[in-house]
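The following questions ask how certain descriptions of a protein model are justified. Each answer sets a value against the rule that applies to it.

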Amino acid sequence: MPVKLPEVYIGKNAVSELEKFITKQQYTAFTLVTDENEYEALGREVETAIRKIDRSLRTIVLPGNATPDETYLIQVLLEPDERRRVYLGVGSGTLTDIVRFCSHRAGMPFISLPTAASVDGFASTGCALTIQKYKQTIMAAAPVGIFADLDTLTHAPRPLIASGFGDMFGKYTALADWPISYHIAGEAFSQELADRSRRALQTCVDQVPVLHDQWETAMHKLMEGLVEEGICMLLQGNSRPASGAEHVISHYWEMKLAREDRPPVFHGAKVGLAAILVARYYELLRQISREEALERLQAARMPSAEDEVARIRSVFGPAAELILAVQQKALQQTPEQFARMCRKIGDSWELIQQFAATVPASAEIKDLLVKVGGATHPSQLGLTDTDVHEALEYGLYLRKYFTILNLGRILSIPKPEGVF
Ligand SMILES: [Zn+2]
């Protein structure tokens with residue numbers, strides 16, 4: 001089935017473009033969902049515009065900075081009345097995910113009005129929700145339209161903008177992990193989408209040196225890049241063109257912070273920081289010769305399913321059953337399959353090195369993050385050495401896909417600690 005792509009507008013006067021779109025689509029009734037800050041930033045303007053063209057409108061203003069958990073989802077889901085209403089999500093990534101989920105479950109389309117170039121998920125179908133303190137990607141639907149108002153984007157809080165860049169810099173490591181997984185674990189891969197994702201990344205990286213002199217253009221390009229990543233994910237049908245080990249690490253932190261009732265951290269801030277760690281992993285991988293790799297593969301032992309289950313139970317507590325379900329296939333791996341995978345790694349060593357060579361040095365990623373005002377040390381995000389260590393040790397259980405975290409484990413690559 002061909003993927004239906006959203007109508008995208010990024011530029012000045014996005015609200016007038018929204019009005020034209022609504023008229024063309026003949027939508028008549030709306031539920032606008034926003035939070036207190038975003039209402040001031042753009043929500044009120046959207047509300048006025050919708051009332052002006054005489055459409056029925058209900059507005060839900062969530063308190064504070066809404067998080068995508070049960071409390072807020074229920075609040076939005078309980079609101080619908082007897083009219084069928086198109087949802088308008090005015091806000092950054094988190095708010096968009098709440099609306100994406102609720103509109104899908106209500107069987108209605110939604111239109112996204114991002115207020116900050118903070119994350120690449122605006123166009124995607126999946127929403128990152130935290131249910132029972134466990135971060136999950138739940139399938140919903142892509143928006144029918146994305147209208148990003150440039151004036152609003154340029155006035156977004158700096159940490160959100162740094163988060164958008166951090167999410168983009170994570171593509172460096174994601175785009176090495178993905179083809180490696182294709183060659184080693186047989187994951188579906190698209191060179192065309194990998195190329196598109198890399199071009200979007202490069203466009204955003206090109207903005208870094210001119211960021212302060214050409215702020216408006218940079219915000220435009222950053223948002224374009226983020227939306228393009230979302231489109232790549234939409235076309236691939238999963239997040240792989242835009243996520244790898246750095247996202248796995250970020251998810252681990254997110255879950256742990258939620259479980260321990262610690263303050264949440266912006267998605268891209270975590271991804272950017274994790275990209276430094278994963279880039280260091282790639283540096284360590286690049287130092288391994290084929291000969292040494294073969295020796296390490298010879299010594300590699302498949303962990304027993306029993307040990308893995310016990311490990312997952314001890315680390316993840318109440319979320320363990322969900323994670324065991326994610327790992328179901330991996331836990332059924334036979335010694336023969338493991339041996340075959342090791343042989344593949346050895347046979348593909350040159351290729352793996354070619355992909356590893358596309359990842360910049362960790363210091364380079366750190367430098368990019370410094371220039372955009374992003375965090376380059378865990379303590380800046382309230383994360384401890386233990387959080388870093390655990391994410392590197394146990395993060396790989398959170399996703400089905402193969403990343404350098406899996407490869408590093410097979411090859412006994414030491415954990416890239418002390419990189420900050
Ligand atoms: Zn991301």
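Q: What makes a residue buried in this predicted model?
A: A residue is called buried if 20 or more other C-beta atoms lie within 10 Å of its own, and exposed if 12 or fewer do. The model is a predicted one. By this rule, buried residues make up 48% of the 420 residues in the protein.

Q: Why is glutamine 26 called exposed or buried?
A: Glutamine 26 has 6 C-beta neighbours inside 10 Å. The limit for an exposed residue is 12 or fewer, so glutamine 26 counts as exposed. Its place is in the loop between helix 1 (14-25) and strand 2.

Q: What is notable about the phi of glutamine 26?
A: Most residues other than glycine have a negative phi. Phi of glutamine 26, however, is near 60 degrees, a positive value in a residue that is not glycine.

Q: How do you know whether serine 412 is exposed or buried?
A: There are 11 C-beta neighbours inside 10 Å of serine 412. Because the cut-off for exposed residues is 12 or fewer, serine 412 counts as exposed. Serine 412 lies in the segment after helix 20 (404-410), and it has a positive phi of about 50 degrees although it is not a glycine.

Q: What makes strand 6 mostly covered?
A: Strand 6 covers residues 126-131, and five of its six residues are buried. For a residue to be buried, 20 or more other C-beta atoms must lie within 10 Å of its own.

Q: How do you know that strand 6 and strand 7 are paired?
A: Two strands pair if at least two bridges are found between them. Six bridges join strand 6 to strand 7 (residues 134-139), so the two count as paired; they run antiparallel. Within this pairing, threonine 137 in strand 7 is the bridge partner of alanine 128. The hairpin of these strands has two residues between them, and there glutamine 132 takes a positive phi near 50 degrees.

Q: What makes strand 2 and strand 4 a pair?
A: The rule asks for at least two bridges. Four bridges join strand 2 (residues 29-35) to strand 4 (residues 86-91), and therefore the two are paired, running parallel. One of the links is between valine 33 and its bridge partner in strand 4, glycine 89.

Q: Which strands form the open sheet, and what makes a strand an edge strand?
A: Six strands form the open sheet, in the order 1-8-5-4-2-3, with parallel pairing. The edge strands, strand 1 (7-11) and strand 3 (56-62), each pair on one side only. From one strand to the next, the twist averages 15 degrees. Helix 9 (residues 215-236) packs on the sheet and touches strand 1 and strand 8 (145-149). The direction of helix 9 makes about 165 degrees with that of strand 1.

Q: How do you know whether the radius of gyration agrees with that of a compact globule?
A: For 420 residues, a compact globule would have a radius of gyration near 22 Å. The protein has 22 Å, so the value agrees.

Q: Where are the two domains, and how many residues are in contact between them?
A: Domain 1 spans 7-156, and domain 2 comprises 163-189 + 240-410. Contact here requires C-beta atoms within 7 Å, and 11 residues of domain 1 are in contact with 16 residues of domain 2. On the side of domain 1 that touches domain 2 there are three nonpolar, five polar and three charged residues. The C-alpha centres of the two domains lie 32 Å apart.

Methods. Residues are numbered from 1 along each chain as its sequence is written. This is a predicted model: local features need pLDDT of at least 70, side-chain atom pairs count only at pLDDT 80 or more; totals for chains, interfaces and linings use all residues. Axes are lines fitted to C-alpha atoms, for helices over the stretch in contact, and angles run from 0 to 180 degrees between N-to-C directions. The radius of gyration is taken over C-alpha atoms; the globule rule is 2.2 Å times the number of residues to the power 0.38. Domain bounds come from an automatic or database domain assignment. Ala, Val, Leu, Ile, Met, Phe, Trp, Tyr, Cys and Pro count as nonpolar, Asp, Glu, Lys and Arg as charged, and the others, Gly among them, as polar.
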